[in-house]
Amino acid sequence: MTVSVEECERRANSGLLNRWYPVVASWRLANAPIGITRLGERIAIWRDHKGQVHAVEDRCPHRGARLSLGWSKDDRIACWYHGVEVDAGGHMAAVPAIGRCEAEKRARNKAYPAVERAGAIFLWFGSPGVEPTPLVLPEELEGGEWGSILCVAHWKCNYRYALENVLDPMHGIYLHAASHSMAEGEKMATLRQRETETGFVFEKVGQTGVNFDWVELADTGAFWQRLTIPYRKNAGPGGPFGIIGMVTPVDDTNCLVFFWRCRKVDGWKRDAWRFLYRARLEQLHWHVLEQDRVILESMLDTARDDEALYAHDAGLVRLRRMFLKTAQDQIEAETRVSQPQAAV
Ligand code: FES
Ligand SMILES: [Fe+2]
């Protein structure tokens, strides 16, 4: 069985499956359901009376209205149009207009496993029949000694550009040279790769803790990236400033970036850091993110087709290979399941 490069590119561009993705910040989902589009799929999410999150395909099985326009009824969501109720498993659970219905209990809607961690709601996007793996997050997002603040932004570019941007530490000293934290350091560098248990590190040789000098990519049931940016002395307590980044496709040309700003502080120091961050640093960091957004949105969706890469792009080249290989494996596995004879 051969899968074409175009097919692999399409899958990689729309979002690799069998992974957890953060889809919204927790604070955005209160009592009313919300409708979102992620990985090109329209999804309704809501909370039950315990606050537990549920997510199903955002389409009423009756006539196709958006379920997210309706209301939550504990672990069901009710359609605004004629009141049909869909449960968390995607079953048509009640048709109040006729009191009963033969269609009841048949699963009609795709349902998404959901978990809430580190101030965000994560959904599992799987190939048909593939059960979710546990979501393993980096230690910075597991609480304990770490405090983190989540910031989410919408960028009008394919999500792979946002991932590639972070796998490119060299842009710090250029794109962000006028920022509060990335003015220092060499404008020329050699970069190398280092293996980790869950991915790899791409780092500058001979410079660390001066600018954006290294980045880690990991795949632990979700793709995430880790980096540190130094604090300038006048920006408060010293030590590097940790960032965990994840990117979720909205569709082929839009994405959401989730950046958790992290510090290893607990107790009153964590509160002090949060206060200082909100008061003095957050605006500066939004400004830096804006520079990334502007540059990425300026690139054509086809930019990848005509590039003159050099050694500093080895990190993103590796990411592309990894994504295409994963896409190929997924499509092949899906084909084996749907057409068993094709595997022979
Ligand atoms: S379309 Fe939803 S109840 Fe009719
Ligand atoms: Fe950047």
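**Cores, iron site and helix 4**

In this predicted model, the largest nonpolar core contains 62 residues. Ile45, Leu123, Phe125 and Trp155 have the most contacts inside it. Helix 4, spanning residues 267–297, gives the most to this core, with 6 residues. The core reaches into two domains: at least three residues come from domain 1 (22–125), and at least three from domain 2 (140–323). In soluble globular proteins, nonpolar side chains tend to be buried together.

The contacts of Ile45 can be listed, leaving out residues up to four places away in sequence. Ile45 touches Val24, Leu29, Pro33, Ile34 and Ile36. It also touches His54, Ala55 and Leu123. A second core is separate and has 18 residues. Among them are Leu135, Trp146, Ala218 and Leu256.

The iron ion (ligand 2) is coordinated by three residues in the pattern H-x4-H-x115-D. His171 and His176 each bind through NE2, whereas Asp292 supplies two OD donors. The coordination distances run from 2.1 to 2.6 Å. The 4 donor atoms subtend angles of 55 to 150°, so the arrangement is irregular. His171 belongs to helix 3 (residues 171–175) and Asp292 to helix 4; the pair therefore ties together parts that are 121 residues apart in sequence. Both His171 and Asp292 are buried.

Helix 4 thus contributes to the core and carries an iron donor, Asp292. The helix has a kink of about 55°, centred on Leu281. Leu281 is itself one of the buried residues of helix 4. The others are Arg270, Trp273, Leu276, Tyr277, Glu282, His285, Val288, Leu289, Gln291, Asp292 and Leu296. Several elements cover these buried residues. They include strand 11 (146–155), helix 2 (159–166) and helix 3. Strand 16 (241–251) and strand 17 (254–264) are also included.

Val130 lies in the loop between strand 10 (120–125) and strand 11. Val130 is partly exposed, with a relative accessible area of 35%. Neighbours within four places in sequence aside, Val130 is in contact with Asn18 and Trp124. Leu67 is 63 residues from Val130 along the chain, and their C-alpha atoms are separated by 25 Å.

Terms used:
Residues are numbered from 1 along each chain as its sequence is written. Chains are lettered from A and ligands numbered from 1 in the order in which they are written. This is a predicted model: local features need pLDDT of at least 70, side-chain atom pairs count only at pLDDT 80 or more; totals for chains, interfaces and linings use all residues. Side-chain values use heavy atoms; hydrogens and water are left out. A nonpolar core is a set of buried Ala, Val, Leu, Ile, Met, Phe, Trp, Tyr and Cys residues joined through side-chain atoms within 4.5 Å. Buried means under 20% relative accessible area, exposed over 50%, partly exposed in between (1.4 Å probe, protein chains only). Helices (H or I, at least four residues) and strands (E, at least two) are DSSP runs, numbered from the N terminus. Domain bounds come from an automatic or database domain assignment. Contact means heavy atoms within 4.5 Å. Donors are N, O and S atoms within 2.8 Å of the metal (3.2 Å for Na, K and Ca); water is not among the atoms, so sites may look incomplete. Four donors count as tetrahedral if all angles lie between 85 and 135 degrees; four count as square planar and six as octahedral if opposite donors are over 155 degrees apart and all others between 65 and 115; anything else is irregular. The bend at a residue is the angle between axes fitted to the seven residues ending there and the seven starting there.
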